[in-house]
Amino acid sequence: MHDTAPGPASAVELAVPGSRPGSGSGGRPAGGPTGGPGTLSGPAAAATPLPRLVATDLDGTLLRGDSTLSPRTLAALRRTTGLGIHHVVVTGRPASGCAPFFDALGYTGLAVCGQGAQIYDAGRGRLLSAVGLDPGAARAALDRLTGLVGPLDLAVVTSGAGGEFVITAGFGRGDERALAPYRLAAPENLWDLPVDKVLLRHRTLGDTELAEAASLCAGPGLAVTHAGPRIVELLPSGFDKATGLARVAGALGVTARHVTAFGDMPNDIPMLAWAGHAVAMANGHPELKAVADEIAPANDEDGVAAVLERILGHAEPVPDQGVRP
């Protein structure tokens with residue numbers, strides 16, 4: 001494992017809250033969404049207070065299905081930060097794969113990457129904090145999983161700000177591989193460099209079944225998350241999107257109850273459970289919708305922008321209050 005502490009040039013000092021955030025420990029009461037898919041109505045939606053921080057997932061949430069950002073979404077985010085509200089990207093993507101999206105957003109603040117195991121300063125291009133996998137524990141877990149479900153197709157993300165996406169021959173199709181730069185390697189060479197996470201695929205099992213089997217086989221120090229369609233990941237335990245967001249929010253002086261968070265998949269559940277106002281996308285997973293306060297229109301319908309436009313209403317800009325992503 002490795003941990004890179006923030007240095008003097010960091011945008012802000014990162015403070016770790018006293019308790020680990022997670023389901024039930026955030027700034028909002030438990031409860032499901034107030035409306036059905038694509039709706040913005042209901043008591044909770046109508047009464048949403050102005051947040052101090054907006055946290056957004058990337059894939060399936062902020063990004064459209066073709067991995068682009070719409071002009072409407074960009075305008076809504078610019079208005080958000082223009083009002084003095086922090087915007088924090090919280091993504092399962094490693095920091096090394098986020099540069100094109102940060103450039104498109106004009107994003108220079110702190111980002112939570114790698115499912116919460118990385119804190120990245122986008123403005124300075126610096127990885128402030130990162131935790132990698134124990135290779136022995138990870139390989140033992142994969143051996144157990146292979147014994148349980150049969151052969152797997154694997155990919156890894158190597159450690160560091162310049163980390164690579166390294167895949168085995170059976171992982172993904174040509175069109176899918178085009179979405180991110182990758183390097184092809186034999187299975188025995190996946191561990192040539194330190195690794196932050198492993199992506200798992202099975203040729204017949206569905207995502208839910210594979211995630212459940214992987215969870216049974218993950219030993220101490222390991223965790224499993226379902227991050228997207230055909231994306232089941234083996235990660236270091238003790239980190240998720242809620243722990244990462246809590247660190248950044250704490251550094252910015254923002255508590256959970258002043259956070260509005262957007263997501264679409266089960267790996268977003270800890271973040272939405274922690275945030276004061278939780279928004280699931282209409283295209284999102286049923287498990288995530290069950291913990292949301294409202295359901296936004298789908299990502300291809302600019303759902304994040306639609307919710308922000310409603311929440312911000314006729315709010316007026318406030319004076320600059322210091323460092324802001």
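Here is a walk through this structure, from the overall picture down to single residues.

Keep in mind from the start that this is a predicted model. The protein has 325 residues, and 53% of them count as buried. Its chain forms 11 helices and 14 strands. There is also a lot of long-range contact: if you take the contacts with a separation of 6 or more, 64% come from residues 24 or more positions apart. The rest of this tour looks at some of the places where distant stretches of the chain meet.

Let's begin with strand E1, which covers residues 53-56 and includes Leu53. Is Leu53 buried or exposed? Its relative accessible area is 0%, so Leu53 is buried. Setting aside the neighbours within four places in sequence, you'll find Leu53 in contact with Ile85, His86, Val88, Leu245, Ala249, Leu252, Val254, His258, Val259 and Thr260. For a feel of how the chain comes back on itself here, look at Leu53 and Thr255: they are 202 residues apart along the chain, yet 9.0 Å separates their C-alpha atoms.

Strand E1 turns up again when we move to helix H11, as one of the elements that cover its buried residues. H11 is mostly covered, with 8 of its 10 residues buried. Those buried residues are Gly303, Val304, Ala305, Ala306, Val307, Leu308, Ile311 and Leu312. Besides E1, the cover includes helices H2 and H3, along with strands E12 (259-263), E13 (277-281) and E14. Just after H11 ends, Gly313 takes a positive phi of about 50°.

Now for the charged pairs. How many salt bridges does the structure hold? There are 10 salt bridges in the structure, and a couple of them involve H11 or the loop before it. Take Arg64 and Asp302, whose side chains meet in a salt bridge at 3.2 Å, N to O. Arg64 sits in the loop between H2 (58-62) and H3 (71-82), while Asp302 sits in the loop between E14 (294-296) and H11 (303-312), so this pair ties together parts that are 238 residues apart in sequence. The two partners differ in how covered they are: Arg64 has 29% relative accessibility and so counts as partly exposed, whereas Asp302, at 9%, counts as buried.

Another salt bridge joins the side chains of Arg72 and Glu309, at 2.7 Å, N to O. Here the link runs from helix H3, home of Arg72, to helix H11, home of Glu309, with the two residues 237 apart. Arg72 is partly exposed at 35% relative accessibility, and Glu309 is partly exposed too, at 36%.

The loop between H2 and H3 holds one more residue to look at, Ser67. Ser67 has a positive phi of about 65° although it is not a glycine. With a relative accessible area of 23%, Ser67 counts as partly exposed.

Over among the strands, the side chains of Glu233 and Lys197 form a salt bridge at 3.1 Å, N to O. Glu233 belongs to strand E11 (residues 231-236) and Lys197 to strand E9 (residues 195-201), 36 residues apart. Why do both of these charged residues count as buried? The cut-off for buried is under 20% relative accessible area, and Glu233 comes in at 3%, with Lys197 at 5%.

Close by in sequence, Arg230 lies in the loop between strand E10 (222-228) and E11. Like Ser67, Arg230 is a residue other than glycine with a positive phi, in this case near 65°. Arg230 is partly exposed, with a relative accessible area of 36%. Elsewhere, Asp57, Lys241 and Asp268 are linked in a network of salt bridges.

Finally, let's see two helices packing against each other. H5 (residues 135-149) and H7 (residues 207-217) pack at an angle of about 130°, with axes 9 Å apart. That angle makes H5 oblique to H7, and the crossing is right-handed. On the H5 side the contact is made by Ala141, Arg144, Leu145, Leu148 and Val149, and on the H7 side by Leu210, Ala213, Ala214 and Cys217. These contact residues divide into 8 nonpolar, no polar and 1 charged.

Notes:
Residues are numbered from 1 along each chain as its sequence is written. This is a predicted model: local features need pLDDT of at least 70, side-chain atom pairs count only at pLDDT 80 or more; totals for chains, interfaces and linings use all residues. Side-chain values use heavy atoms; hydrogens and water are left out. Axes are lines fitted to C-alpha atoms, for helices over the stretch in contact, and angles run from 0 to 180 degrees between N-to-C directions. Helices (H or I, at least four residues) and strands (E, at least two) are DSSP runs, numbered from the N terminus. Angles under 35 degrees count as roughly parallel, over 145 as roughly antiparallel, 65 to 115 as roughly perpendicular and the rest as oblique. A crossing is left-handed if the near helix is turned anticlockwise from the far one by less than a right angle, and right-handed if clockwise. Contact means heavy atoms within 4.5 Å. Ala, Val, Leu, Ile, Met, Phe, Trp, Tyr, Cys and Pro count as nonpolar, Asp, Glu, Lys and Arg as charged, and the others, Gly among them, as polar. A salt bridge is a side-chain nitrogen of Lys or Arg within 4 Å of a carboxyl oxygen of Asp or Glu. Buried means under 20% relative accessible area, exposed over 50%, partly exposed in between (1.4 Å probe, protein chains only).
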